[in-house]
Amino acid sequence: MSAPSTEQSPPTQTTTAASDTETNSREELTVQLELLRERNRQLREEYLRSQQQTYRRSAIGLVVVGLLGIAAGVVFPDARTVLLALGGTGVFGGILTYALTPERFIAATVSGSVFDALAADRDAMRDELGLAGTPIYIPADSPRLYVSAADLPEPADQPLPSTDELTNLFVTDPDDNPGIALTPTGGPLLEEFRRSLTTPLATTPSSLVDQLTEGLVENFELADGIDTSVDAAGGRVTVEFTGLAYGRIDRIDHPVSSLLATGLAVGLDTPVRMTVEDTAPPVVTYRWDPSATSTQSDAESPDAAAKN
């Protein structure tokens with residue numbers, strides 16, 4: 001009498017089943033990934049719509065208030081001039097707000113991450129080349145940020161590389177002190193700021209600092225507050241920033257400090273050195289050679305004389 005045989009499934013069937021399970025898992029993950037992408041897209045669109053609706057509701061509110069003011073001006077002739085002026089202002093403000101509603105909103109964390117990547121590459125370049133010089137912002141048709149291997153004497157004592165040399169990324173000055181010339185992050189910001197000005201960019205230290213700090217806080221909202229101390233005669237500005245949009249100010253060419261440095265260099269038409277002191281809060285100091293500026297000091301400017 002023979003013993004009963006035990007049947008076992010072939011190895012090929014087990015392998016096929018495992019392969020089918022793995023394929024199904026991949027397909028499920030792919031479907032879930034696509035669903036997440038679609039959900040993220042929908043959330044971004046909803047956020048954009050909500051922001052646009054906020055602007056447009058504000059615009060409609062201004063128009064309604066303006067129309068009420070105009071109607072009240074018709075009803076109350078004694079205050080007609082004031083009410084019509086308020087009504088016209090409200091209608092104009094509403095139309096302007098509606099017309100200028102942004103089409104796209106970019107979170108500060110997104111632009112901050114972009115700057116972090118840029119700063120990391122620039123820090124690595126400076127470290128690998130052994131560049132320990134103080135950053136110098138130099139005015140030109142296109143402002144440049146120059147960093148040398150070692151600190152240079154004051155510009156009055158030793159000339160900086162020429163404008164033609166600064167168009168190159170890698171620069172060697174007459175004393176064989178190698179360095180790099182970069183496009184400052186504050187350059188495009190300065191151009192955008194100048195387009196928003198109703199008056200020319202100031203050419204005296206105090207007025208220029210007031211313009212630039214107002215632009216940083218009010219126009220670009222890159223800082224909550226800025227405290228400044230201006231020594232025009234000594235060629236020095238000391239600044240404390242609070243509530244920065246882009247993290248640490250001690251990173252190379254931080255957009256906030258860079259806009260001030262670039263603006264000072266262009267407005268005063270002289271190179272500006274920038275140093276950051278490791279304090280709480282950090283203190284940023286901008287220095288230039290006051291004898292090299294082609295502009296008057298604030299005390300000697302015609303506007304100051306008129307006020308006196």
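The exercises below, each with a worked solution, concern a predicted model of one protein chain.

**Exercise 1. The chain as a whole**

Task: State how many helices and strands the chain has, and describe its burial, contacts and exposed area.

Solution.
Step 1. Begin with the secondary structure: the chain holds eight helices and eight strands.
Step 2. Turn to burial. The chain has 308 residues, and 33% of them are buried.
Step 3. Consider the contacts between residues at least 6 apart in sequence. Of these, 58% join residues at least 24 apart.
Step 4. Finish with the surface. About 18,800 Å² of the chain is exposed, and 55% of this area comes from carbon and sulfur atoms.

**Exercise 2. The order of the strands**

Task: Determine in which order the eight strands lie in the sheet, and which strands form its edges.

Solution.
Step 1. Follow the sheet from one side to the other: the order is E3-E4-E2-E1-E7-E8-E6-E5. The sheet is open, and its pairing is antiparallel.
Step 2. Identify the edges. Strand E3 (170–172) and strand E5 (225–231) are the edge strands, since each pairs on one side only.
Step 3. Describe the twist. Ignoring direction, neighbouring strands of this sheet are turned by 25 degrees against each other on average.
Step 4. Add the helix that packs on the sheet. Helix H6 (residues 205–219) touches E5 and strand E6 (236–242), and its direction makes about 170 degrees with that of E5.

**Exercise 3. Pairs of strands**

Task: For the strand pairs E1 with E2, E5 with E6, E6 with E8 and E7 with E8, give the number of bridges and an example of residues that face each other.

Solution.
Step 1. Strand E1 (residues 136–138) is joined to strand E2 (residues 144–148) by three bridges, and the two run antiparallel. Here Ile138 stands opposite Arg144 of E2.
Step 2. Between E5 and E6, also antiparallel, there are seven bridges. Asp227 has Glu240 in E6 as its bridge partner. These two strands form a hairpin with four residues between them, and Gly235 in the turn has a positive phi of about 65 degrees.
Step 3. E6 pairs with strand E8 (residues 283–287) over five bridges in the antiparallel sense. Arg236 has Arg287 in E8 as its bridge partner, while Thr238 is partnered by Thr285 in E8.
Step 4. Strand E7 (residues 272–277) runs antiparallel to E8, with five bridges joining them. Met274 stands opposite Tyr286 in E8. E7 and E8 form a hairpin with five residues between them.

**Exercise 4. Covered and uncovered strands**

Task: Decide which residues of E6 lie on its covered face and which on its uncovered face, and state how many residues of E8 are buried.

Solution.
Step 1. Sort the residues of E6. Val237, Val239 and Phe241 make up the covered face. Arg236, Thr238, Glu240 and Thr242 make up the uncovered face.
Step 2. Examine E8. Four of its five residues are buried, and the strand is mostly covered.

**Exercise 5. Two residues with positive phi**

Task: Locate Glu221 and Asp253, and decide for each whether the residue is buried or exposed.

Solution.
Step 1. Find the positions. Glu221 belongs to the loop between H6 and E5, whereas Asp253 belongs to the loop between E6 and helix H7 (255–268).
Step 2. Check the backbone. Glu221 is not a glycine, yet its phi is positive, at about 55 degrees. Asp253, likewise not a glycine, has a positive phi of about 55 degrees.
Step 3. Apply the cut-offs: buried means under 20% relative accessible area, and exposed means over 50%.
Step 4. Draw the conclusions. Glu221 has 60% relative accessibility and therefore counts as exposed. Asp253 has 2% relative accessibility and therefore counts as buried.

**Exercise 6. A nonpolar surface patch**

Task: Name the residues of the nonpolar surface patch, and say which helix gives the most to this patch.

Solution.
Step 1. List the members: Leu67, Ile70, Val74, Val75, Phe76 and Leu84 make a patch of about 550 Å².
Step 2. Assign the patch to secondary structure. Helix H1 (residues 11–75) gives the most, with four residues.
Step 3. Take one member as an example. Val75 is placed in helix H1. Its relative accessibility is 56%, so Val75 counts as exposed.

Key:
Residues numbered from 1 in each chain as written. Predicted model: local features only at pLDDT ≥ 70, side-chain atom pairs only at ≥ 80, totals over all residues. Heavy atoms only, no water. Pairing = 2+ DSSP bridges. Axes fitted to C-alpha atoms, helices over the stretch in contact; angles between N-to-C directions. Contact = heavy atoms within 4.5 Å. Buried < 20%, exposed > 50% of the residue type's maximum accessible area, 1.4 Å probe, protein only. Areas by Shrake-Rupley, 256 points an atom, 1.4 Å probe, with all protein chains shown as cover. Patch = residues over 30% accessible without salt bridge, like charges linked within 9 Å, V, L, I, M, F, W, Y side chains within 5 Å. Salt bridge = Lys/Arg side-chain N within 4 Å of Asp/Glu carboxyl O.
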